[in-house]
Amino acid sequence: MNALFNRKSIRQYRDLEVEDKKIEKLLKAGMQAPSAHNTQPWEFIVVQDPVAIEKIALMSKYAKPAHNSPCCIITLCNMNNVKDKKTEDWIQQDMSACTENILIQAVEEDLGAVWLGTYPDEERSNYLRELFNVPEHIIPFSVIVVGYPKEKYEAEDRFDETKIHYEVY
């Protein structure tokens, strides 16, 4: 639970490369996520080329954290794995769980990360699709910016008893 309670969106990174072994652990964590009917629709593009990362930073006004990062992971939903409408209705949950697992594992690896919202914004998804030559049956879902935090950070305690109800509202 330590990683859960210490996770925070990190937007500034040191000029250090993220080791391949750590990137692999992030991807393994993403692949451990639950998915509807066990479809496991995820695929990934790991981006470490500074020129490509700069282009990711131009995706939207909210993508600026990519500017100074050494690594971005683009989560992709392969719709060929989604066999029917019943399963398709759950892809946002599947891919969100995958993305969150990566964010939590980043804390375990002493990394910082931030989730850049992409899907369901068609403009952002299409931008990434064109930039990285992503086929039409693959949906760019999110971008996770990853790196070593520039500064030491402390996550805030978000527990709020007033939001808890037992038995009835």
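These notes cover the sheet, the cysteines and the internal cavity of a predicted model.

1. Sheet order. Four strands make up an open sheet, arranged β1-β2-β4-β3, and their pairing is antiparallel. At the edges lie β1, residues 42–47, and β3, each of which pairs on one side only. From one strand to the next the twist averages 25°.

2. The β1 and β2 pair. β2 covers residues 71–78 and is joined to β1 by six bridges, the two strands running antiparallel. Within this pair, W42 has C77 of β2 as its bridge partner.

3. Disulfides. How many disulfides does the structure hold? The number is zero. The count depends on a cut-off, since a disulfide requires two cysteine sulfur atoms within 2.5 Å. For C72, the closest cysteine sulfur belongs to C71 and is 6.6 Å away, so the separation is too far for a bond. C77 is likewise in no disulfide; the nearest cysteine sulfur to its own is that of C98, at 9.6 Å.

4. Burial of the two cysteines. Are C72 and C77 buried or exposed? C72 has 0% relative accessibility and therefore counts as buried. C77 has 1% relative accessibility and is also classed as buried, because the class takes in residues under 20%. C77, the bridge partner of W42, thus combines a buried position with the absence of a disulfide.

5. Cavity. The structure has one cavity of 30 Å³ or more. The space in the largest cavity is about 30 Å³, and a reader should keep that value in view alongside the 30 Å³ used for the count.

6. Residues of the lining. The largest cavity is lined by R7, K8, I10, L103, A106, V107, L111, G112, A113 and Y153. By class, seven of the lining residues are nonpolar, two are charged and one is polar. The charged residues are R7 and K8, and the polar one is G112, as Gly counts as polar here.

7. Elements of the lining. Which elements each supply at least two residues of the lining of the largest cavity? They are α5, residues 91–108, and β3, residues 112–117. α5 gives the largest share, with three residues. β3 therefore appears twice in these notes: as an edge strand of the sheet and as a contributor to the cavity lining.

Methods. Residues numbered from 1 in each chain as written. Predicted model: local features only at pLDDT ≥ 70, side-chain atom pairs only at ≥ 80, totals over all residues. Heavy atoms only, no water. Buried < 20%, exposed > 50% of the residue type's maximum accessible area, 1.4 Å probe, protein only. 1 Å grid on protein atoms, 1.4 Å probe; cavity = no way out; pocket = protein on both sides within 12 Å on 5 of 7 lines; lining within 4 Å. Points joined across faces, edges and corners; volume = space filled by probe spheres on them. Pairing = 2+ DSSP bridges. Axes fitted to C-alpha atoms, helices over the stretch in contact; angles between N-to-C directions.
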